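Visitor: I am new to this structure and would like a careful look at a single part of it. Please choose one part, and take me slowly through what surrounds it.

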Amino acid sequence: MTGNVIQDVNRAALARLPGVLARILPRGRVVGAQFRVGSLEGEPGDSLAVALTGDRRGAWCDFAAGCRGGDPVSLAAAVWRVRQLEAAQRLAAMIGMEARNER
């Protein structure tokens, strides 16, 4: 990958967003233009929403916990409770990318 690893992984994850979300949060489901799940812990419910379409595609908010982010890497970091670089590396491996350790 070239450039910033987090940006590269976000771009690749956005290209296959529903499948990526299903792997990160397997109890979630598509509801209209959103992916919905109960929380960052992944239980069933609707408190966490991820935009699947439009300009905000990939943006997410856990309304119950009051946390939010703008892309798949920030969501993965919140779910896995790791820094964004580590989340990008793990997400890259999940989707078959090679992620270098860059900042």
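**A helix and its surroundings**

Guide: Let us come in from the outside: Arg90, with a relative accessibility of 39%, counts as partly exposed, because that value falls between the 20% under which a residue is buried and the 50% over which it is exposed. What you see is a predicted model, with a pLDDT that averages 91 over the protein and reaches at least 70 in 91% of the residues. Arg90 forms a salt bridge with Glu86, where the closest N and O atoms are 3.9 Å apart, and both residues belong to helix α4, four residues apart, or about one turn of the helix. Glu86 likewise counts as partly exposed, at 37% relative accessibility.

Helix α4 (84–94) leads us to the part I would like to dwell on, since α4 is among the elements that cover the buried residues of α3, together with α1 (5–15), α2 (17–24), β3, β4 and β5. Helix α3 spans residues 72–80 and lies across β3, β4 and β5, running at about 30° to β4. Seven of the nine residues of α3 are buried, and the helix is thus mostly covered; the buried ones are Pro72, Val73, Ser74, Leu75, Ala76, Ala77 and Val79.

Ser74 is worth a pause, because at 11% relative accessibility this residue falls under the 20% limit and counts as buried. Leaving aside residues up to four places away in sequence, Ser74 touches Trp60, Gly69 and Gln84.

The two ends of α3 each have a feature of their own. At the N-terminal end, Asp71 caps the helix, with a side-chain oxygen 3.2 Å from the backbone nitrogen of Val73. Just after α3, Arg81 takes a positive phi of about 55°. Arg81 also forms a salt bridge with Glu41, in which the closest N and O atoms are 2.6 Å apart, and this pair links distant parts of the chain, with Glu41 in the loop between β2 and β3 and Arg81 in the loop between α3 and α4, 40 residues apart. Glu41 and Arg81 are both exposed.

The strands that α3 lies across are β3, β4 and β5, and they belong to an open sheet of five strands, in the order β1-β2-β3-β4-β5, with antiparallel pairing. At its edges are β1 (29–31) and β5 (67–69), each of which pairs on one side only, and from one strand to the next the twist averages 20°. Within this sheet, β3 (residues 48–51) and β4 (residues 60–62) pair in the antiparallel sense over three bridges, and Leu48 stands opposite Asp62 in β4.

The model has four salt bridges in total, and one of them leads back to an edge of the sheet: Asp46 pairs with Arg29, the closest N and O atoms being 2.8 Å apart. Because Asp46 sits in the loop between β2 (34–37) and β3 while Arg29 sits in strand β1, this salt bridge ties together parts that are 17 residues apart in sequence. Asp46 counts as partly exposed at 38% relative accessibility, and Arg29 counts as partly exposed at 40%.

One caution remains for the chain beyond α4: over residues 99–103 the pLDDT stays under 50, although the model has 18 contacts for them beyond four places in sequence. Where pLDDT is low, predicted coordinates should not be read in detail.

Definitions and conventions: Residues are numbered from 1 along each chain as its sequence is written. This is a predicted model: local features need pLDDT of at least 70, side-chain atom pairs count only at pLDDT 80 or more; totals for chains, interfaces and linings use all residues. Side-chain values use heavy atoms; hydrogens and water are left out. Two strands pair if DSSP finds at least two bridges between them. Axes are lines fitted to C-alpha atoms, for helices over the stretch in contact, and angles run from 0 to 180 degrees between N-to-C directions. Contact means heavy atoms within 4.5 Å. pLDDT is the predictor's confidence in each residue, from 0 to 100. Buried means under 20% relative accessible area, exposed over 50%, partly exposed in between (1.4 Å probe, protein chains only). A polar contact is a pair of N or O atoms within 3.5 Å; within protein, one must be able to donate a hydrogen and the other to accept it, and residues adjacent in sequence count only if both atoms are side-chain atoms. A salt bridge is a side-chain nitrogen of Lys or Arg within 4 Å of a carboxyl oxygen of Asp or Glu.
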